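Reader: I am new to this structure and should be grateful for a close look at one part of it. Please take the metal site as the centre of your account, and then describe the surroundings.

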Amino acid sequence: MRKKNSQKDSSKSSGRNTGITPPSERNDLFDSLSEFPLGEPLDPNEMRITFFGTSCIPRLSQECNSIFVEVGSGDQFIFDCGSGVVAKYTAMGIPKSKMNKIFLTHLHGDHMSDLSHIYSFGPSEDRKFPLCIWGPGNTNWTYTDPDGKTRGPFEDGLRAFCEKFRELMRWHTESFSFGPTRYADPQNDLSHSQNPDCFEGCDSYLVGNETAYPDDPYDAYAIYAYELNYKSEGIAYKNYSTGVSISYFPVIHCRRGSIGYKLNWNGMSLVFSGDTKPNYTMLKRAEGADILIHEMVMPADVWTTKNTELQDGDVGWDQSFAYTQAVQNSSHTPQGALGYMLSQISSPPRLTIATHFQAADDTMASALQSIENKYNITEENNFTFASDLMVFNVSKTNILQRKAIVSAFAFNPPPTTLGVPTAAPIYWRYDDDGNVIYDPYAQIDTTDEIPRVNDDGSENWDETGY
Ligand SMILES: [Zn+2]
Ligand SMILES: [Zn+2]
């Protein structure tokens, strides 16, 4: 058995065994940051990185993984979108029209669960154009199970995921198609009328185009799946007008078919590991990078205790520890390993940000020690821990780390695409003057509806709502 980590476990110090983390748990690093002024314009020469999800366990301080990257030339991207992150995007005022390019590292639930909300409510808000999703293709992997049966190959790649997802969401998309979901002339919306190009190692599909009822290629419920050949390195995205290029590369995580991404813009670069074991490709990609966002996990014994409240010697410890260690060893980068990796890069990143890590004072102190045992953190080659609503402004000369304080009561941000004429909704009718208007009643049966006129005939709550 491994030596116990000396890290103090606050869940045990109170002597309770309730499974409830005390609300006194803190993240002093986050608290000490200066505040990001909400709505601050982005300098044309800067890149801004906002963390909306930074954990594999959903927790109020850290939902599951998602990073929003904006560049000063006016392009923006989501990298992964795990559960719980949409509320934070909304609170930061990010409209759905800017949440249309999603780069998935792999198809684990903690990296894509909130797609359902981003996709289904985008067209009700201001994304009146298709959703574009990048991610790895089929693994084509087969395996013989203990009963001698062959498992696979499965359709487990992005295209199959998006096709099944599109049908899974059918009830939602039909129900909301009484409102406009496309522009009258897609060319009117110049910034979105062209879907991104596909490059070597990438195949693009208009999802649902071969089914009985194909989607209009400009409809907001259409999905473009950009499937990437996860076995090789290649280009996922290139925009000649904004100058952004995003490449992808294979990583080692849990099952074949996980990738990381590298974004290059304005002479700067950002590497995002996704989930991975330490690997040599990452060292190569992180060489000379400005920002490295890398996953990290706490030692298996601490992780076991945090998640089960068991201690070494308790009934069930051996089983729980063995499982946690198997997860760590097959899928993730321990904190000591990240320090070692950084030490092996001859020109290390200006800033490394550890994510996918449950950041609190105790876990960060332990991890920092592991990192510093192997890697010399300096102002030029700095290191920090991500948690939700951290904002990083990156220029060639400066990296500014701040926190956003948002309202817990936010409504949707103002739409950015009002005023562009929209096409007739799919569920429509003529009004008395012969104009095509919404028909929200087209799909319902109202025979059991309580009449909308009050007893005295004076009220009509459909019109006033009071
Ligand atoms: Zn994960
Ligand atoms: Zn994963």
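**The zinc site and its surroundings**

Author: Ser191 is exposed, its relative accessible area being 55%. This residue belongs to the loop between helix H7 (170–175) and strand S9 (202–207). Its C-alpha atom and that of Val391 are separated by 25 Å, the two residues being 200 apart along the chain. The model is a predicted one, and with this point on the outside as a start, the account may turn to the metal site.

Which residues hold the zinc ion (ligand 2)? Its coordination is provided by His106 through NE2, His108 through ND1, His253 through NE2 and Asp275 through OD, at 2.1 to 2.4 Å. Along the chain these donors follow the spacing H-x1-H-x144-H-x21-D. The pair His253 and Asp275 links distant parts of the chain: His253 is in the loop between strand S12 (244–250) and strand S13 (259–265), whereas Asp275 is in the loop between strand S14 (268–272) and helix H8 (280–286), 22 residues apart. Both His253 and Asp275 are buried. The angles among the four donor atoms of the zinc ion (ligand 2) run from 93 to 167 degrees, and the site is irregular. For a site of four donors to count as tetrahedral, all angles must lie between 85 and 135 degrees.

The zinc ion (ligand 1) has as its protein donors Asp110 (OD), His111 (NE2), Asp275 (OD) and His356 (NE2), which lie 2.1 to 2.2 Å from it. This site, too, is irregular, with angles of 85 to 168 degrees among its four donor atoms. The spacing of the donors of the zinc ion (ligand 1) along the chain is D-H-x163-D-x80-H. Here the pair that links distant parts of the chain is Asp275 and His356, 81 residues apart, with Asp275 in the loop between S14 and H8 and His356 in the loop between S16 and H12. Asp275 and His356 are both buried.

What joins the two metal ions? Asp275 bridges the zinc ion (ligand 1) and the zinc ion (ligand 2), which lie 3.3 Å apart.

Several of the strands named above belong to one sheet. Seven strands make up this open sheet, in the order S11-S12-S13-S14-S15-S16-S17, and their pairing is mixed. Strand S11 (234–239) and S17 stand at the edges with a single partner strand each, so one side of each has no neighbour in the sheet. On average, neighbouring strands of this sheet are turned by 15 degrees against each other, direction ignored. Within the sheet, S15 and S16 run parallel and are joined by five bridges. Ile293 stands opposite Ile353 in S16. Helix H11 packs on the sheet, where it touches S15, S16 and S17, and its direction makes about 150 degrees with that of S15.

Helix H11 (residues 335–343) has as its buried residues Gln335, Leu338, Gly339, Met341 and Leu342. These residues are on the same side of H11, because they cover an arc of only 160 degrees around the axis. The buried residues of H11 pack against H8, strand S15 (291–295), strand S16 (351–355), helix H12 (361–374) and strand S17 (382–385). H8 and H12 thus appear again, as the helices that bound the loops of Asp275 and His356.

Another part of the chain gives a further view of the interior. Strand S3 (residues 66–71) has six of its six residues buried, so this strand is largely enclosed by the rest of the structure. In a regular strand, side chains point alternately to one face of the sheet and to the other. Both faces of S3 are covered, with Ser66, Phe68 and Glu70 buried on one side and Ile67, Val69 and Val71 buried on the other. Strand S2 (residues 47–53) runs antiparallel to S3, and six bridges join them; Gly53 stands opposite Ser66 in S3. S3 is also joined to strand S4 (residues 75–79) by five bridges, again in antiparallel fashion, and the bridge partner of Glu70 in S4 is Gln76. S3 and S4 form a hairpin with three residues between them, and Gly74 in the turn has a positive phi of about 95 degrees.

Finally, Ser395 lies in the loop between strand S18 (390–394) and strand S19 (399–403). Is Ser395 buried or exposed? Ser395 counts as buried, because its relative accessibility is 11%. Leaving aside residues up to four places away in sequence, Ser395 touches Asn45, Glu46, Met268 and Arg350.

How values were computed. Residues numbered from 1 in each chain as written. Chains lettered and ligands numbered in written order. Predicted model: local features only at pLDDT ≥ 70, side-chain atom pairs only at ≥ 80, totals over all residues. Heavy atoms only, no water. Donors = N, O, S within 2.8 Å, 3.2 Å for Na, K, Ca; no water. Tetrahedral: all angles 85-135°; square planar, octahedral: opposite > 155°, others 65-115°. Helix = DSSP H or I, 4+ residues; strand = E, 2+ residues; numbered from the N terminus. Buried < 20%, exposed > 50% of the residue type's maximum accessible area, 1.4 Å probe, protein only. Arc of directions from axis to C-beta. Contact = heavy atoms within 4.5 Å. Pairing = 2+ DSSP bridges. Axes fitted to C-alpha atoms, helices over the stretch in contact; angles between N-to-C directions.
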